[in-house]
Amino acid sequence: MKDLSYLRLFDTYGGLLTEHQRELCELYYMYDLSLTEIAEQKGISKQSVSDTLAKSRALLDEYEEKLHIVQPSVRTEKALQMLDEFSAAHPQFSEEIQKIAQVLRDGEEK
């Protein structure tokens, strides 16, 4: 099963990969092709596809580890989801919760 967290990393850092790495990642993550399908389409071995994708994932992880662009947005999305769930369970706090959610979405209180 494909780890779709790499799709988000690819969207953010894909421009830092080589053209070949970008092409294979795009075919794998965005077009949902199998390793075999990619190998046949590109005229390379399945092992080469696998190796390139593994190297690309390692690079994407390294970029995120150094730059921290994706993780804060993931945490914000999770916090917003938790606020929505809390608001549904405790409607008496929904107005305050919406203010907090707005700050998370826009960075400022309105």
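**Exercise 1. Place Leu 7 in the fold.**

Task: In which helix does Leu 7 lie, and what does Leu 7 touch beyond its sequence neighbours?

Solution:
- Step 1. Leu 7 sits in helix α1. Helices here are DSSP runs (H or I, at least four residues), as strands are runs of E with at least two, and both are numbered from the N terminus.
- Step 2. With a relative accessible area of 25%, Leu 7 is partly exposed. The scale is this: buried is under 20% relative accessible area, exposed is over 50%, and partly exposed is in between (1.4 Å probe, protein chains only).
- Step 3. Leaving out residues up to four places away in sequence, Leu 7 touches Tyr 29 and Met 30. A contact means heavy atoms within 4.5 Å.
- Step 4. Leu 7 and Leu 60 are 53 residues apart along the chain, with 9.9 Å between their C-alpha atoms.

Before going on, a word on the model: it is predicted, so local features need pLDDT of at least 70 and side-chain atom pairs count only at pLDDT 80 or more, while totals for chains, interfaces and linings use all residues. Residues are numbered from 1 along each chain as its sequence is written, and side-chain values use heavy atoms, with hydrogens and water left out.

**Exercise 2. Find the core.**

Task: How many residues make up the largest nonpolar core, and which have the most contacts inside it?

Solution:
- Step 1. Start with the term: a nonpolar core is a set of buried Ala, Val, Leu, Ile, Met, Phe, Trp, Tyr and Cys residues joined through side-chain atoms within 4.5 Å.
- Step 2. The largest such core holds 19 residues, and Leu 9, Tyr 13, Leu 17, Cys 25, Ile 38, Leu 53 and Leu 60 have the most contacts inside it.
- Step 3. Two or more core residues come from each of α1 (5-13), α2 (19-30), α3 (35-42) and α4 (46-67).
- Step 4. Take Leu 60 as an example: not counting residues up to four places away in sequence, its contacts are Tyr 6, Leu 9, Phe 10, Tyr 13, Gly 14 and Leu 17.

**Exercise 3. Follow helix α2.**

Task: Which residues of α2 are buried, and what covers them?

Solution:
- Step 1. Check the length. The twelve residues of α2 should span 16 Å at 1.5 Å a residue, and the end C-alpha atoms are 15 Å apart, which agrees. The expected span is 1.5 Å times one less than the number of residues.
- Step 2. The buried residues of α2 are Gln 21, Leu 24, Cys 25, Leu 27, Tyr 28 and Tyr 29.
- Step 3. Their cover includes α1, α3 and α4.
- Step 4. Look at Gln 21, which is buried because its relative accessible area is 8%. Apart from neighbours within four places in sequence, Gln 21 contacts Thr 52, Lys 55, Ser 56 and Leu 59.
- Step 5. Just past α2, Asp 32 has a positive phi of about 55 degrees.

**Exercise 4. Sort the salt bridges.**

Task: How many salt bridges are there, and where in the chain are the partners of Glu 77 and Lys 42?

Solution:
- Step 1. The rule asks for a side-chain nitrogen of Lys or Arg within 4 Å of a carboxyl oxygen of Asp or Glu. The count by this rule is three.
- Step 2. Glu 77 pairs with Arg 8, with 3.2 Å between the closest N and O atoms. This pair links distant parts of the chain, as Glu 77 is in helix α5 (residues 70-89) and Arg 8 is in helix α1, 69 residues apart. Glu 77 is partly exposed at 43% relative accessible area, and Arg 8 is partly exposed at 29%.
- Step 3. Lys 42 and Glu 23 form a salt bridge at 2.9 Å, N to O. Lys 42 belongs to helix α3 and Glu 23 to helix α2, 19 residues apart.
- Step 4. Lys 66 and Glu 62 meet at 3.1 Å, N to O. They are four residues apart in helix α4, so about one helical turn separates them. Lys 66 is exposed at 60% relative accessible area, whereas Glu 62 is partly exposed at 36%.
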